[in-house]
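Work through the exercises below with the sequence and the coordinates at hand. Each task is followed by a solution in steps.

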Amino acid sequence: MAYWLLKTEPDEYSWDDQVKRGAKGEAWTGVRNFTARRHLKEMKKGDKFFFYHTGEEKQVVGIGEVIRAAFPDPTAAKNDPWVAIQTVAKKPLPKPVTLAAVKAETKLKAMALVKYGRLSVQPVTDAEWKIVCKMGGL
């Protein structure tokens, strides 16, 4: 199993929206960056991810799971190379972890969230996963 971080604008699609989708989940669509697409293609069923709110919040708010690996993005034009994954909510973080808190933690200085701030789909190492989970009260 691998770990990831997926970013979304909470005004467009929030943690609460993900939770409301229940066990059927939701397709994570609209990714239009080649590096992010490569990460989506690497994701496997059962992988876990941090659900990250961008915009004014800038914080990890929950943990989700991939329930379907990469498939053609239904929001892309026909024959475009973009992919989506199917995701479900697993659990909220008892205490959301802000970007400022991540940046303040010296053990996370190499985390993609710190180094590649605009990348919407990012890998997370096992060590980073454990640290952020602990910071979030898990």
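**Exercise 1. Salt bridges**

Task: How many salt bridges are there, if a salt bridge is a side-chain nitrogen of Lys or Arg within 4 Å of a carboxyl oxygen of Asp or Glu?

Solution. Step 1: the count under this rule is five. Step 2: the model is predicted, so local features need pLDDT of at least 70 and side-chain atom pairs count only at pLDDT 80 or more, while totals for chains, interfaces and linings use all residues. Residues are numbered from 1 along each chain as its sequence is written, and side-chain values use heavy atoms, with hydrogens and water left out.

**Exercise 2. D73 and R32**

Task: Where do the two partners of the salt bridge between D73 and R32 lie, and is each of them buried, partly exposed or exposed?

Solution. Step 1: the side chains of D73 and R32 meet with an N to O distance of 2.9 Å. Step 2: D73 is in the loop between β4 (59-72) and β5 (83-98), and R32 is in the loop between β2 and α2, so the salt bridge ties together parts that are 41 residues apart in sequence. Helices (H or I, at least four residues) and strands (E, at least two) are DSSP runs, numbered from the N terminus. Step 3: the classes of accessibility are buried (under 20% relative accessible area), exposed (over 50%) and partly exposed (in between), with a 1.4 Å probe and protein chains only. D73, at 5%, is therefore buried, and R32, at 39%, is partly exposed.

**Exercise 3. A pair in a helix and a network**

Task: Which residue forms a salt bridge with E42, and which residues are linked with E65 in a network of salt bridges?

Solution. Step 1: the partner of E42 is R38, with the closest N and O atoms 3.4 Å apart. Both residues belong to helix α2, four residues apart, which is about one turn of the helix. E42 has a relative accessible area of 36% and is partly exposed; R38, with 42%, is partly exposed as well.

Step 2: E65 bridges to K90, where the closest N and O atoms are 3.7 Å apart. Because E65 is in strand β4 and K90 in strand β5, this pair ties together parts that are 25 residues apart in sequence. E65 is buried at 16%, whereas K90 is partly exposed at 47%. Step 3: the network links K48, E65 and K90.

**Exercise 4. The surroundings of D47**

Task: Is D47 buried or exposed, and which residues does D47 touch beyond four places in sequence?

Solution. Step 1: D47 is in the loop between α2 (34-42) and β3 (48-53). Step 2: its relative accessible area is 4%, so D47 counts as buried. Step 3: with contact taken as heavy atoms within 4.5 Å, D47 touches M1, A2, W4, E42, G64, E65 and V66. Step 4: from D47 to K90 the C-alpha distance is 11 Å, with their positions 43 residues apart in sequence.

**Exercise 5. K7 and its neighbours in sequence**

Task: How far is K7 from the nearest side chain of opposite charge, and where do T8 and E9 lie?

Solution. Step 1: K7 is in strand β1 (residues 3-8). Lys and Arg count as positive, Asp and Glu as negative, and His and the chain ends are not counted. Step 2: the nearest side chain of opposite charge is that of E9, 9.3 Å away, and K7 is buried without a salt bridge. Step 3: beyond four places in sequence, the contacts of K7 include W28, Y52, T54, R118 and S120.

Step 4: T8 lies in strand β1 and is buried, with a relative accessible area of 9%. T8 touches Y13, W28, F51, Y52, H53 and T54, leaving out residues up to four places away in sequence. Step 5: E9 is in the loop between β1 and α1 (15-20) and is partly exposed at 34%. With the same sequence limit of up to four places left out, E9 touches T54 and G55.
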